[in-house]
Amino acid sequence: MGMNTQMAEETNATTADLATQNGVLPLRNLQLLGVVGTQNSRRALLRTAGGQTRMVQVGDTFRHGTVIAIGEDRVVLAGGVGQRTLTLPGRPKAAA
């Protein structure tokens, strides 16, 4: 059987809108792109300053720290300089 080349899930509209707007997602910082899963089994998609994406879960350790919590719209990291919280970017405001 060949591999299915279609995506299993579509990108939600808010994420797609944010990803295609200039200046919404800071390119030089670690950024939370999305959160998936249930309350007891969440994973978060992060983008590093270098442009790499990484799926993480609670307990994962990487250059930016250890993932200690994942909420519906945030990830909490613990590292050498203390605790740091990444939140999803806000929904773009509609033009008046």
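**View 1. Gly-51 sits in the loop between β2 and β3.** The model shown here and in every view is predicted. Strand β3, on the far end of this loop, covers residues 53-57. With a relative accessibility of 46%, Gly-51 counts as partly exposed, because that value falls between the 20% limit for buried and the 50% limit for exposed. The view also takes in Leu-30. Gly-51 and Leu-30 are separated by 21 residues in sequence. In space, their C-alpha atoms are 9.0 Å apart.

**View 2. Strands β1, β2 and β3 make an open sheet.** The order is β1-β2-β3, and the pairing is antiparallel. β1 (31-38) and β3 are at the edges. Each has a single partner strand, so one side of each has no neighbour in the sheet. From one strand to the next, the twist averages 20 degrees. β1 and β2 run antiparallel and are joined by 7 bridges. One pair to pick out is Thr-38 with Ser-41: Ser-41 lies in β2 and stands opposite Thr-38.

**View 3. Arg-42 is a buried residue of the protein.** Arg-42 belongs to strand β2. Its relative accessibility is 17%, which is under the 20% cut-off and therefore counts as buried. A polar atom of the Arg-42 side chain lies 3.3 Å from the backbone oxygen of Ile-70. What else does Arg-42 touch, not counting residues up to four places away in sequence? Its contacts are Val-35, Val-36, Gly-37, Val-56, Gln-57, Ile-70, Gly-71 and Glu-72. Ile-70 thus appears twice in this view: in the polar pair with Arg-42 and in the list of residues that Arg-42 touches.

**View 4. Strands β4, β5, β6 and β7 make an open sheet of 4 strands.** The order is β4-β5-β6-β7, with antiparallel pairing. Which strands are the edge strands? They are β4 (61-62) and β7 (82-87), and each pairs on one side only. Strands of a sheet pair through backbone hydrogen bonds.

**View 5. A hairpin joins β4 to β5.** The connection runs through 2 residues. β4 and β5 are antiparallel, with 2 bridges between them. Look for Phe-62: Gly-65 in β5 stands opposite this residue.

**View 6. β5 and β6 form a hairpin.** Here 3 residues lie between the strands. The two strands run antiparallel, and 4 bridges join them. Ala-69 is a useful landmark. Opposite Ala-69 stands Val-76, in β6.

**View 7. β6 and β7 form a hairpin with 2 residues between them.** β6 spans residues 74-79 and pairs with β7 in the antiparallel sense. How many bridges does this pairing run over? The pairing has 6 bridges. Two bridge pairs help to trace the strands. Gly-79 has Gly-82 of β7 as its bridge partner. Leu-77 has Arg-84 of β7 as its partner.

**View 8. The largest nonpolar core has 11 residues.** Its members are Leu-30, Leu-32, Ala-44, Leu-46, Val-56, Phe-62, Val-67, Ile-70, Val-75, Leu-77 and Leu-86. Which strands each supply at least two of these residues? They are β2 (41-47), β5 (65-70) and β6. Some members appear in earlier views. Leu-30 is the residue 9.0 Å from Gly-51, C-alpha to C-alpha. Phe-62 stands opposite Gly-65. Leu-77 is the bridge partner of Arg-84.

**View 9. Val-75 is a member of the largest nonpolar core.** The contacts listed here leave aside neighbours within four places in sequence. Val-75 is in contact with Leu-32, Ala-44, Leu-46, Val-67, Ala-69, Ile-70, Arg-84, Thr-85 and Leu-86. Among these partners, Leu-32, Ala-44 and Leu-46 are also listed in the core.

**View 10. The protein has 1 helix and 7 strands.** Starting at the N terminus, the elements follow the order α-β-β-β-β-β-β-β. Of the 96 residues, 23% count as buried. Contacts with a separation of 6 or more include 26% between residues 24 or more positions apart. The accessible surface is about 7300 Å². Carbon and sulfur atoms account for 48% of this surface.

How values were computed
Residues are numbered from 1 along each chain as its sequence is written. This is a predicted model: local features need pLDDT of at least 70, side-chain atom pairs count only at pLDDT 80 or more; totals for chains, interfaces and linings use all residues. Side-chain values use heavy atoms; hydrogens and water are left out. Two strands pair if DSSP finds at least two bridges between them. A nonpolar core is a set of buried Ala, Val, Leu, Ile, Met, Phe, Trp, Tyr and Cys residues joined through side-chain atoms within 4.5 Å. Buried means under 20% relative accessible area, exposed over 50%, partly exposed in between (1.4 Å probe, protein chains only). Contact means heavy atoms within 4.5 Å. Axes are lines fitted to C-alpha atoms, for helices over the stretch in contact, and angles run from 0 to 180 degrees between N-to-C directions. A polar contact is a pair of N or O atoms within 3.5 Å; within protein, one must be able to donate a hydrogen and the other to accept it, and residues adjacent in sequence count only if both atoms are side-chain atoms. Accessible areas come from the Shrake-Rupley method with a 1.4 Å probe; for residues, only the protein chains shown count as cover.
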